[in-house]
Amino acid sequence: PETKLPKVGTTIFTVMSQLAVEHGAVNLGQGFPDFEVPARLVAALERAMREGRNQYAPMSGVPPLRQAIAGKTERCYGYRPDADAEVTVTSGASEAIFDAIHAVVRSGDEVIVLDPCYDCYEPAIDLAGGIAVHVPLHPETFAPDWTKIRAAVSPRTRMIMINSPHNPSGAMWSADDMRQLDELLAGTSIYLLSDEVYEHIIFDGRRHESALLYPSLRERAFVISSFGKTYHCTGWKIGYCIAPPAMSAEFRKVHQYNTFCTFAPAQFAFAEMIEAEPAHYEQLGAFYEAKRDRFREQLLTTRLRPLPVPGGYFQLVDYSRISDLPDAEFCRWLAIEKGVASIPLSPFYGTPPEGQRLARLCFAKNESTLDAAIERLQSL
Ligand code: PMP
Ligand code: GLN
């Protein structure tokens, strides 16, 4: 049969996790923590279920959670979105990304994506009838290349998608990048989708440059985040979108006929957790910074070369001292022969760069998991 998504196969995350299981590899591939979610959150979820919060939630999310998100946003970025008109709870950031794209991208519209980018962006653009315009980030720093981005804007540009802290590289946008973006979009009707799922996982005293910090960006932005990353529960699939009222209204038209609403008990649990333990997200950067530092130190005892990690929970490693295989083949070999699952970068590109020898390792893991991986990587 004719396929609507000819370029799409099974995602690299599924492929590598399956390989890890088949070959007993330590799984540093797919991004998910292997430690427990906060005890208070589990208790709150249990309580919500026992107290009968088990039926459909309101379409846009339960009011206490939307209020908690508005309050947390104000504490973090000095801007309080209207909980009723501007905050929508979704089934993970993935659903929010899909809904935002479908809310505004029409047939033939162009959407600028910055490569490497998360793999769910382009299929959603394709399904909406849009055209993904791939612009490479800087090949070593993964910073935005403003000359190239400016050159990619056309009268058909409908949206630009950005992601800081960045998956897969960990790169973060600077205030100057935000200013350049603001200047580029001023006077246009181009929408911004800002994927901020790693907003709290930031290191070395950096500031997360949320689009919400900038009034003129905020008025055109769908700002998307995910509790999966912040609360170590990627399997719960709860995220949200903050956007101005008119944009949120269009967003909800898609959301209401996509999923209608999201797992209700967890929404009550997150509402409680956000209010009762702000220290959790405030200290998340320090929590992961310790993991990053320890893991990087260990990597220096291997022949892999770790790249800088300003934020997020992924460590890129250059394997060119070990192998000249293309990344997909190298990562397969590493999982099957050496027992460590990783993620190649090529699936994150429209056209993968020639000769790039990088793999992504997730360090959102217990020390024992990382130690086991390092022992295997030392034999490379
Ligand atoms: N965007 C980025 C950059 C991500 O890394 C992820 C999770 N891997 C998502 C979106 C999707 O988040 P969720 O699991 O909440 O759907
Ligand atoms: N976001 C996760 C990652 O980048 C994977 C999510 C998924 O498996 N689809 O590893």
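Start with ligand 1 in this predicted model: the shell around it has three nonpolar, nine polar and two charged residues. That shell counts 14 residues, and Gly 92, Ala 93, Ser 94, Asn 167 and Ser 226 come nearest to the ligand. Which helix gives the most to this shell? Look at helix α4, residues 92-104, which supplies three residues.

Now move over to ligand 2. Its surroundings are made of Thr 11, Phe 13, Gln 30, Gly 31 and Asn 167. Sort those by class and you get one nonpolar residue, four polar ones and no charged ones. You've met Asn 167 already: it was listed among the residues that come nearest to ligand 1, and here it turns up around ligand 2.

Next, find two helices that pack against each other: α1, residues 12-23, and α14, residues 327-338. Their axes sit 9 Å apart and meet at an angle of about 25°. Angles under 35 degrees count as roughly parallel, so that makes α1 roughly parallel to α14. The crossing of α1 past α14 is right-handed. On the α1 side, the contact is made by Met 16, Leu 19, Ala 20 and His 23, while α14 brings Cys 331, Arg 332, Ala 335 and Ile 336. Taken by class, that's six nonpolar residues, one polar and one charged.

Finally, zoom out. An unreviewed UniProt entry annotates residues 26-377 as "domain: Aminotransferase class I/classII large". Helix makes up 41% of that span and strand 16%. And how far apart are the end C-alpha atoms of residues 26-377? They lie 11 Å apart.

Conventions. Residues are numbered from 1 along each chain as its sequence is written. Chains are lettered from A and ligands numbered from 1 in the order in which they are written. This is a predicted model: local features need pLDDT of at least 70, side-chain atom pairs count only at pLDDT 80 or more; totals for chains, interfaces and linings use all residues. UniProt positions are given in the numbering used here, feature names are shortened, and annotations may be inferred rather than shown by experiment. Helices (H or I, at least four residues) and strands (E, at least two) are DSSP runs, numbered from the N terminus. Axes are lines fitted to C-alpha atoms, for helices over the stretch in contact, and angles run from 0 to 180 degrees between N-to-C directions. Angles under 35 degrees count as roughly parallel, over 145 as roughly antiparallel, 65 to 115 as roughly perpendicular and the rest as oblique. A crossing is left-handed if the near helix is turned anticlockwise from the far one by less than a right angle, and right-handed if clockwise. Two residues are in contact if their C-beta atoms, placed from the backbone, lie within 7 Å. Ala, Val, Leu, Ile, Met, Phe, Trp, Tyr, Cys and Pro count as nonpolar, Asp, Glu, Lys and Arg as charged, and the others, Gly among them, as polar. A residue is near a molecule or strand if its C-beta atom, placed from the backbone, lies within 6 Å of it.
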